[in-house]
Each structure stands twice: as structure tokens, then as C-alpha cells.
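Subject: Handing over a structure

Dear colleague,

Please find below the sequence and the structure that I am passing on to you. After them I have set out what was found, beginning with a single residue and working outwards to the whole chain.

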Amino acid sequence: ESKGKPIPLYILIIFELITSAVGISSYTDFNSALPIIISCLYTYGTWQKNLKVTYSIGTFVSVVWFFYKFVVGA
């Protein structure tokens, strides 16, 4: 945001589509889909104006990243 103007919805959609397209190109199983889902959730969370929603999504994403790294052995 700059000068009080909200970020348009189409910007969020473009970022989500790019993330999904790149992720789908490397999709093999559910474990490879988790980073795509996590990235899309995080992008949506940072787009929100409500900080409680942003922090909630950020916390959820952090927990899921931890789970993903544990499962794949990273």
C-alpha cells in the first residue's frame, strides 16, 4: 500500500497464479503440494489488512512448514 490506497485484488490473484503455476510444474505427490499451498496461504495472509488475520495465518503457515520439513527430512 502506498498513500492509503489498498492493493487491488487482481495483484493478489496474479501472485497466486504465478505461485501455483510454478508449483504445479514440479508437483509429484502430496508432499510436493504442501509448499504450493503454504505459499498461497502466506501470500493471502500478507495481503490482509487485519493484522490478527495476518498473524493467525503466519502462525499456521509456520507450523505447517515445520511439519513439512519434518516429513520430508529437511
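Once the neighbours within four places in sequence are left aside, Gln48 is in contact with Val53 and Thr54. Please bear in mind while reading this, and everything that follows, that the model is a predicted one. Gln48 sits in the loop that runs between helix 2, residues 30-47, and helix 3, residues 51-72, and the side chain of Gln48 is joined to that of Tyr44 by a polar contact of 3.0 Å.

Thr54, one of the two partners of Gln48 just named, belongs to helix 3. Not counting residues up to four places away in sequence, Thr54 touches Gly45 and Thr46 as well as Gln48. Is Thr54 buried or exposed? With a relative accessible area of 17%, Thr54 counts as buried, because the cut-off for that class is under 20%.

From there it is natural to turn to the interior. The largest nonpolar core consists of six residues, namely Leu34, Ile38, Ile57, Val61, Val64 and Tyr68. Helix 2 and helix 3 are the elements that give two or more residues to this core, and the largest share, four residues, comes from helix 3. As a general background to this, nonpolar side chains tend to be buried together in soluble globular proteins.

Two members of the core can be followed further. Val61, which is found in helix 3, is buried, with a relative accessible area of 5%. When the neighbours within four places in sequence are set aside, Val61 is in contact with Ile38, Leu41 and Tyr42. Between the C-alpha atoms of Val61 and Leu51, which lie 10 residues apart along the chain, the separation is 15 Å. Ile38, for its part, touches Val61, Val64 and Trp65, again not counting residues up to four places away in sequence.

The surface deserves a paragraph of its own. Tyr10, Ile14, Ile18 and Val22 make a nonpolar surface patch of about 420 Å². Among them, Ile14 is found in helix 1, which covers residues 9-24. Why does Ile14 count as partly exposed? The reason is that its relative accessibility is 42%, which lies between the 20% below which a residue is buried and the 50% above which a residue is exposed. Ala21, which is also found in helix 1, counts as partly exposed too, at 49% relative accessibility. Ala21 and Ile36 are 15 residues apart in sequence, and their C-alpha atoms are 9.2 Å apart in space.

Finally, here is the chain as a whole. The protein chain holds three helices and zero strands, and when it is read along the sequence its pattern is α-α-α. The C-alpha trace spans about 45 × 25 × 15 Å along its principal axes. Of the 74 residues in the protein chain, 24% count as buried, and the area that the chain exposes is about 5600 Å², of which carbon and sulfur atoms supply 70%. If one takes the contacts in the chain with a separation of 6 or more, 51% of them are accounted for by residues 24 or more positions apart.

If you would like a place to start when you open the model, I would suggest the core, where Ile38 touches both Val61 and Val64, and then the patch made by Tyr10, Ile14, Ile18 and Val22.

With kind regards

How values were computed. Residues numbered from 1 in each chain as written. Predicted model: local features only at pLDDT ≥ 70, side-chain atom pairs only at ≥ 80, totals over all residues. Heavy atoms only, no water. Polar contact = N/O pair within 3.5 Å; in protein donor to acceptor, adjacent residues only side chain to side chain. Contact = heavy atoms within 4.5 Å. Patch = residues over 30% accessible without salt bridge, like charges linked within 9 Å, V, L, I, M, F, W, Y side chains within 5 Å. Areas by Shrake-Rupley, 256 points an atom, 1.4 Å probe, with all protein chains shown as cover. Salt bridge = Lys/Arg side-chain N within 4 Å of Asp/Glu carboxyl O. Buried < 20%, exposed > 50% of the residue type's maximum accessible area, 1.4 Å probe, protein only. Core = buried A, V, L, I, M, F, W, Y, C linked by side-chain atoms within 4.5 Å.
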